[in-house]
Amino acid sequence: MLDKTPVQNLTDHIFTETKGVVQSGPFHGMQLLHEQGWTDGSLSAMVLGCYEEELHGVLESEIFRLAAMPNPKIVNIGCAEGFYAVGMARRLPNATVYAIDINDDCVRIAKEAAAVNGVNVVFGSTLDEVFAEPDLLIVDCEGYEAEYLDAKKFPGLLRATMIVEVHNADHVDNDDLLREHFSETHSIGTIFEGGRNPNVYPLLYKEPSNARWAAVSENRPCLMYWFVIKPLLDIRTNETLPLGVAKTCGECNLCCKLEKVTWLDKPSNTWCQHCDIGVGCKIYRDRPPDCSAFTCLWLRSPDMP
């Protein structure tokens with residue numbers, strides 16, 4: 001057996017200390033398996049809860065939207081070991097979640113992860129089945145995005161919101177193709193890969209700097225970005241859908257008082273010591289995961305005044 005690298009040893013340490021339970025973010029509390037089908041080195045980031053942290057806000061918004069539906073349909077194309085499929089099934093017990101991946105080992109691990117977390121995820125469905133009027137798609141298929149996401153092939157996509165990791169290559173420009181496919185029927189927003197702060201995780205405090213940064217790295221080969229593609233019309237009623245108004249925090253600061261923040265030993269209904277009341281958080285850039293993962297109802301609701 002080959003010796004493990006320092007990063008692999010640190011990942012093992014993090015997994016052991018947390019027992020593989022996600023520590024923060026939208027899927028806080030989810031049980032992960034140590035086995036990986038794709039060796040991209042993101043397990044430590046998943047356990048800490050900062051994996052694809054840029055998407056946390058849109059995921060929470062979609063969870064809020066879908067929670068109002070009796071049986072939303074969620075499709076995860078390129079499910080890998082089931083992080084998103086199992087995570088969404090945990091957050092939305094009434095949803096039907098479909099998962100597809102070309103890697104048989106990943107599918108096996110994802111099935112085990114679903115069983116361990118006590119959720120039902122549907123595997124083995126055809127594209128015709130999963131693309132028949134889905135409500136949300138989470139897509140990471142390594143360069144085949146535009147080939148799959150084509151409403152001419154799958155008209156049911158016209159009603160779907162899609163979160164798509166975009167991969168361009170010499171032979172295909174998925175960025176342009178996706179815009180060509182959906183610019184007339186959907187709004188298309190872009191989320192770019194951002195930074196991580198390993199110093200908000202007490203589990204890493206005793207680790208050297210290079211190890212801490214490696215623990216939160218997703219080992220991207222280039223600057224990554226995602227499209228958030230939302231339908232402009234409800235194709236069932238032909239009515240315009242609300243796109244929502246971009247909201248940002250102001251002088252409210254009530255999250256700094258009402259919420260319990262375990263990372264700071266702050267009880268609920270008590271002002272945080274780091275809050276400049278009426279102004280905002282004094283440690284915002286380095287705020288703990290409890291805070292970065294929280295999005296209040298007002299921010300998530302386009303209709304709440």
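**Exercise 1. The second largest cavity**

Identify the residues that line the second largest cavity of this predicted model, and state which helices supply at least two of them.

*Solution.*
Step 1. The lining consists of Val22, Ser24, Gly25, Pro26, Phe27, Gly49, Tyr51, Glu52, His56, Leu59, Phe83 and Tyr84.
Step 2. Helix 3 (56–67) and helix 4 each contribute at least two residues to this lining.
Step 3. Sorted by class, the lining comprises 7 nonpolar, 4 polar and 1 charged residues.
Step 4. The volume of the second largest cavity is about 60 Å³.

**Exercise 2. The largest cavity**

Determine how many cavities of 30 Å³ or more the structure holds, and describe the lining of the largest cavity.

*Solution.*
Step 1. There are 2 cavities of 30 Å³ or more.
Step 2. The largest cavity encloses about 90 Å³ of space.
Step 3. It is lined by 13 residues, of which Leu32, Leu33, Glu81, Phe83 and Ala113 are the closest to its centre.
Step 4. Two or more lining residues come from each of helix 2 (43–48), helix 4 and helix 5 (104–116).
Step 5. The classes represented in the lining of the largest cavity are 9 nonpolar, 3 polar and 1 charged residues.

**Exercise 3. The second largest pocket**

State the volume of the second largest pocket and name the residues closest to its centre.

*Solution.*
Step 1. The second largest pocket contains about 840 Å³ of space.
Step 2. Of its 41 lining residues, Asp140, Cys141, Glu142, Glu165 and His167 are the closest to the centre.
Step 3. Among the elements that supply at least two lining residues are strand 4 (136–139), strand 5 (161–165) and strand 7 (225–231).
Step 4. The lining has 24 nonpolar, 8 polar and 9 charged residues.

**Exercise 4. Gly82**

Decide whether Gly82 is buried or exposed, and locate Gly82 along the chain.

*Solution.*
Step 1. Gly82 lies in the loop between strand 1 and helix 4.
Step 2. Its relative accessible area is 3%. Buried means under 20%, and therefore Gly82 is buried.
Step 3. The C-alpha atom of Gly82 is 7.5 Å from that of Ala114, although 32 residues separate the two along the chain.

**Exercise 5. Two salt bridges compared**

For the pairs Arg220 with Glu165 and Arg179 with Asp175, establish where the partners lie in the chain and how accessible each residue is.

*Solution.*
Step 1. Side chains of opposite charge can pair when their charged atoms come close.
Step 2. Arg220 and Glu165 form a salt bridge with an N to O distance of 3.4 Å. This pair links distant parts of the chain, 55 residues apart: Arg220 is in the loop between helix 9 (209–216) and strand 7, and Glu165 is in strand 5.
Step 3. Arg220 is partly exposed because its relative accessibility is 21%, whereas Glu165, at 3%, is buried.
Step 4. Arg179 and Asp175 form a salt bridge at 2.9 Å, N to O. Both residues belong to helix 8 (residues 174–182), 4 residues apart, which is about one turn of the helix.
Step 5. Arg179 has a relative accessible area of 33% and is therefore partly exposed; Asp175, at 14%, counts as buried.

**Exercise 6. A network of salt bridges**

Describe the salt bridge between Glu218 and Arg196, and name the network that includes both residues.

*Solution.*
Step 1. The closest N and O atoms of Glu218 and Arg196 are 2.7 Å apart.
Step 2. The partners are 22 residues apart, Glu218 in the loop between helix 9 and strand 7, and Arg196 in the loop between strand 6 (186–192) and helix 9.
Step 3. Both Glu218 and Arg196 are buried.
Step 4. Through shared partners, salt bridges join Glu52, Glu54, Glu165, Arg196, Glu218 and Arg220 into one network.

Definitions and conventions: Residues numbered from 1 in each chain as written. Predicted model: local features only at pLDDT ≥ 70, side-chain atom pairs only at ≥ 80, totals over all residues. Heavy atoms only, no water. 1 Å grid on protein atoms, 1.4 Å probe; cavity = no way out; pocket = protein on both sides within 12 Å on 5 of 7 lines; lining within 4 Å. Points joined across faces, edges and corners; volume = space filled by probe spheres on them. Nonpolar A, V, L, I, M, F, W, Y, C, P; charged D, E, K, R; others polar. Buried < 20%, exposed > 50% of the residue type's maximum accessible area, 1.4 Å probe, protein only. Salt bridge = Lys/Arg side-chain N within 4 Å of Asp/Glu carboxyl O.
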